[in-house]
Amino acid sequence: MNKLTNSLDIVIEQAFDFLSPEYAELFDRSAATAFQHPIWLHSLYTRLASDAGATPLVVVVRHRATGALAMVLPLLRIRRGPIRTVEFADLRVSDYLAPVCNQEVFSQLLDDADACAEIRRLVRPFDLLRMTKLPDGRLPIENLLAASRRVSMDTNAYATVLVAPFEQWRTSAIDRSYQKELAKKYRQLQKKGALSFSCCNDNASVLEALDVMRKLRGPRFQAQGDGDLLQRPEYFGFYSDVALRGLGAFVRLYAMKMDGEVIAAVLGLCHRGSFLIIMSAFDIAGYKSQSLGALMFEQVARDCIERGDQMLDFTIGDEPYKKLFGGQPSPMWAITKAGSTAGAIALFALKQAPWLKLAAKRLSDLRLLPARTPTPTR
């Protein structure tokens, strides 16, 4: 299971400690995203993997001379019906996926034929290797795994550049007529009672806001014919664990209250000057004409700017509201590789027949439904 190249040790560590100091150090100097953060991956592997029927497949590369971590590739083995898949640690909660290393180390790995061969051997067997939600090509993992050329997904991510002061950002990012509309609706909302907006700063306020989010999201998404991950105990436990562990550093949870009751909430991750929105909820039924979502995102942007953030990232999804706040699209990429005849047949079928893609998606979601659903702003 272990392999020595000229300078690297490569091994699978199913019980890798993502909360260890050595991983934190590797992550800090890596080109990874917020969704490979120590807290995020620790909670994903310990709270979600077993319930999804997934087996950890963590590829760990170390410098032989020092034992220091060079790269961690956080993967999972999951059986999708009859198909054995290998994929990134995602389980429907992560938006951006990437190897955990810096560009220099990754380039060195690509130049080491023995290292590449060993990594490819260790991730087998599989029928289908599939990696989606790749944000860019800085770390071409398809080359490391000898997969086919990456292809664009049918969805984008959106982010808006933040500039101080808030009024300058709002003027440059939001259409003038929409600014006036939001200002009017905010005044209307203020007349309904004691309105407040804040960032949760203790465990009690975090749990209160998450509980309200669960209650607000459930009926709405069920009415749309889909479910919501927060309604499942293991996923509610995952988000709660991430929020509590990361509070004040890695995680922010914003809450808007009316007369002391939470009516809107936004959960997000802090990473290198960006705030990434991962989940939100609004009391649409109680405030039908107030555009709570839009007002909430405007307040979040204001707070981010005051904190010195440089980017507000709405993450994956082509919802129109993102462009209303100056969100610019970035393509997302996917790679696939067949590892058996069954995988080759499945991959060929998916490329030939669009309706089979839908069938495959439903099949892949058997263990993971309900799907994560984009959150409307109105």
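## Cavities, a pocket and helix packing

Ala31, Thr33, Leu97, Ala98, Pro99, Leu134, Pro135, Asp136, Arg138, Leu139 and Arg150 form the lining of the largest cavity in this predicted model. The volume of this largest cavity is about 100 Å³, and the structure as a whole holds three cavities of 30 Å³ or more. Sorted by class, the lining of the largest cavity comprises seven nonpolar residues, one polar residue and three charged residues; the charged ones can be picked out by name from the lining, where Asp136, Arg138 and Arg150 appear.

Some of these names return in the second largest pocket, whose volume is about 470 Å³. This pocket is lined by 20 residues, and those closest to its centre are Tyr96, Pro135, Asp136, Arg138 and Asp313; of these, Pro135, Asp136 and Arg138 are also listed in the lining of the largest cavity. The elements that contribute two or more residues to the pocket lining are strand S7 (151–161), strand S11 (274–282), strand S12 (311–316) and strand S13 (328–338). By class, the lining of the second largest pocket is made up of twelve nonpolar, four polar and four charged residues.

From these spaces we turn to the packing of the helices, beginning with the pair H2 and H9. Helix H2 (residues 38–48) packs against helix H9 (residues 233–246) at an angle of about 150 degrees, and the axes of the two helices lie 10 Å apart. Because angles over 145 degrees count as roughly antiparallel, H2 and H9 are described as roughly antiparallel to each other, and their crossing is right-handed. On the H2 side the contact involves Ile39, Trp40, His42, Ser43, Leu44, Arg47 and Leu48, which meet Glu234, Tyr235, Gly237, Phe238, Tyr239, Asp241, Val242, Arg245 and Gly246 of H9. In terms of class, the residues of this contact divide into eight nonpolar, four polar and four charged.

A second pair consists of helix H7 (residues 176–190) and helix H10 (residues 292–307), whose axes come within 10 Å and cross at roughly 100 degrees. This angle makes H7 roughly perpendicular to H10. Tyr178, Leu182, Lys185, Tyr186 and Leu189 of H7 make the contact with Leu292, Ala294, Leu295, Glu298 and Gln299 of H10, and the residues involved are seven nonpolar, one polar and two charged.

The third pair, H3 and H4, packs at an angle of about 90 degrees with axes 5 Å apart, and the two helices are therefore roughly perpendicular to each other. Here Leu109, Leu110 and Asp111 of H3 are in contact with Ala113, Ala115, Cys116 and Ile119 of H4. The residues of this contact comprise six nonpolar, no polar and one charged, the charged one being Asp111 of H3.

The backbone, finally, has several local features in the loops that join these elements. Arginine 92, which is found in the loop between strand S5 (83–88) and helix H3 (103–111), has a phi near 75 degrees, a positive value in a residue other than glycine. On the other side of the H3 and H4 pair, the loop between helix H4 (113–123) and strand S6 (128–134) contains proline 125, and the peptide bond leading to this proline from arginine 124 is cis, with omega near 5 degrees. Another cis peptide bond joins alanine 164 and proline 165, in this case with omega at about -5 degrees. Proline 165 is placed in the loop between S7 and helix H6 (166–173), and strand S7 is also one of the elements that give two or more residues to the lining of the second largest pocket.

Conventions. Residues numbered from 1 in each chain as written. Predicted model: local features only at pLDDT ≥ 70, side-chain atom pairs only at ≥ 80, totals over all residues. Heavy atoms only, no water. Axes fitted to C-alpha atoms, helices over the stretch in contact; angles between N-to-C directions. Helix = DSSP H or I, 4+ residues; strand = E, 2+ residues; numbered from the N terminus. Parallel < 35°, antiparallel > 145°, perpendicular 65-115°, else oblique. Left-handed = near helix turned anticlockwise from the far one by under 90°. Contact = heavy atoms within 4.5 Å. Nonpolar A, V, L, I, M, F, W, Y, C, P; charged D, E, K, R; others polar. 1 Å grid on protein atoms, 1.4 Å probe; cavity = no way out; pocket = protein on both sides within 12 Å on 5 of 7 lines; lining within 4 Å. Points joined across faces, edges and corners; volume = space filled by probe spheres on them.
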